[in-house]
Amino acid sequence: MNETHLISDLSVQTFDTDKNIENVIHTKKKYFTCDICGQKFLQKRLLRKHFHTHTKGKAYSCDVCSKGFSQRGDLNRHYRIHTNEKPYSCVVCGKGFSLRGNLSRHSRIHTNEKPFSCDVCNKKYSQKSSLNVHFRTHTNEKPFCDICHKVFAQKRYLIVHFRTHTNEKPYSCDVCGKGYSQRGDLNRHCETHTNEKPFSCGVCGNKYSRKSRLNEHLRTHTKKKPYSCDVCGKRYSLRGALNRHYRTHTNENPFS
C-alpha cells in the first residue's frame with residue numbers, strides 16, 4: 001500500500017492512492033518531523049519513505065526496463081505496464097485499467113461529469129489533460145520535441161514520438177520477447193501467438209481473443225457511443241476513433 005500520513009494542526013490525513021481519503025484526529029501522539037519541509041508523520045518508516053521525495057532517491061528499479069522508483073508500491077504498479085495486468089474494469093464498457101485512478105478518469109466519459117473548468121472562459125472538461133490542452137488555445141503554448149522541434153498538442157503524443165529518437169521499447173512480449181514502443185502495438189502482436197477466442201458475440205456469433213474486443217464489437221449492434229469529444233461534442237463507439245477525430249482539431253500527426 002502506498003500511503004502517507006501528514007499533519008496539519010491537529011488533523012492527520014491518511015492519503016491512500018487506491019482508497020478514499022480518511023480524516024483522523026490525534027491530540028496526544030508523537031510525530032516524526034521532516035527536517036526539510038516540516039511535514040509530520042505518525043511513524044518513522046513513513047518519514048523515511050517521504051524523505052525520498054526530497055532526495056530523489058530511487059532504490060527500486062524495474063527488472064524489465066530499468067526505470068527507477070523511490071517507493072516499492074510505485075514499482076509494483078509500474079510492473080503492470082509489462083504484465084498487462086488490469087485489475088480495475090469499467091462496469092459500463094468493460095475496459096480494463098492497471099490503476100484505479102485511470103478507471104476513475106475513464107468513468108467520467110460515461111457519466112459526462114466535467115469537474116475541470118477553464119479559468120479564462122469557464123469551459124468545462126471531464127479530464128484534467130483535456131483542460132490543459134484547451135488552455136493552450138489561450139496561451140498558444142505547445143509541448144515540442146527537443147531533438148527535431150516538432151510541436152504537439154498533448155504531452156502524451158510527445159512522449160510516444162520521442163521514442164522514435166531513442167528507439168525505446170518499454171513494452172515487450174512475454175512469449176517471443178519482441179519489444180514495442182506503444183502498448184497497443186504489443187496487445188495486437190500478442191494475439192498472433194494464439195488463435196484462442198473464448199469471447200463470443202451473443203448476437204452474431206463472432207469470436208474474440210479479448211473481452212475488450214468483444215465489448216467494442218457489441219456496440220456495432222447496440223449503436224452505443226460512450227466516447228464524446230470535449231471540443232465539439234461528437235460521439236464515438238470506440239476510444240480509438242475519438243482519438244483520431246480529436247486530431248482534426250489539433251491538426252497533427254502525433255507519431256511522425
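**Figure 1. Eight helices and 17 strands make up the chain.** The model is predicted. The chain has 256 residues, and 32% of them count as buried. Take the contacts between residues at least 6 apart in sequence: 20% of these join residues at least 24 apart. The accessible surface is about 16400 Å². Carbon and sulfur atoms account for 48% of that surface.

**Figure 2. Arg 80 is buried and has no salt bridge.** Arg 80 sits in helix α2. Glu 85 is the nearest side chain of opposite charge, 4.1 Å away. A salt bridge needs a side-chain nitrogen within 4 Å of a carboxyl oxygen, so the distance of 4.1 Å to Glu 85 does not qualify. The Arg 80 side chain does reach a backbone oxygen, that of Ser 98, at 2.4 Å. Leaving out residues up to four places away in sequence, Arg 80 touches Glu 85, Pro 87, Tyr 88, Ser 98 and Leu 99. Glu 85 and Ser 98 thus appear among the contacts of Arg 80.

**Figure 3. Asn 84 lies in the loop between α2 and β8.** Helix α2 spans residues 72-83, and strand β8 spans 88-89. Asn 84 is partly exposed, at 30% relative accessible area. Beyond residues up to four places away in sequence, Asn 84 touches Arg 183 and Asn 187. Tyr 171 is 87 residues from Asn 84 along the sequence. In space, the C-alpha atoms of Asn 84 and Tyr 171 are 9.2 Å apart.

**Figure 4. Arg 105 is part of helix α3.** The helix covers residues 100-111. Arg 105 is partly exposed, with a relative accessible area of 39%. Gln 127 is 22 residues away along the chain. The C-alpha atoms of Arg 105 and Gln 127 are separated by 6.6 Å.

**Figure 5. Cys 229 is in no disulfide.** The nearest cysteine sulfur belongs to Cys 232, at 3.8 Å. A disulfide requires two cysteine sulfur atoms within 2.5 Å, so the pair at 3.8 Å is not counted. The count for the model is zero disulfides. Cys 229 is buried, at 4% relative accessibility.

**Figure 6. Cys 34 is a buried cysteine.** The relative accessible area of Cys 34 is 2%. Buried means under 20%, so Cys 34 falls in that class. With zero disulfides counted, Cys 34 is shown here as a single residue.

Technical notes
Residues are numbered from 1 along each chain as its sequence is written. This is a predicted model: local features need pLDDT of at least 70, side-chain atom pairs count only at pLDDT 80 or more; totals for chains, interfaces and linings use all residues. Side-chain values use heavy atoms; hydrogens and water are left out. Helices (H or I, at least four residues) and strands (E, at least two) are DSSP runs, numbered from the N terminus. Buried means under 20% relative accessible area, exposed over 50%, partly exposed in between (1.4 Å probe, protein chains only). Contact means heavy atoms within 4.5 Å. Accessible areas come from the Shrake-Rupley method with a 1.4 Å probe; for residues, only the protein chains shown count as cover. Lys and Arg count as positive and Asp and Glu as negative; His and the chain ends are not counted. A polar contact is a pair of N or O atoms within 3.5 Å; within protein, one must be able to donate a hydrogen and the other to accept it, and residues adjacent in sequence count only if both atoms are side-chain atoms.
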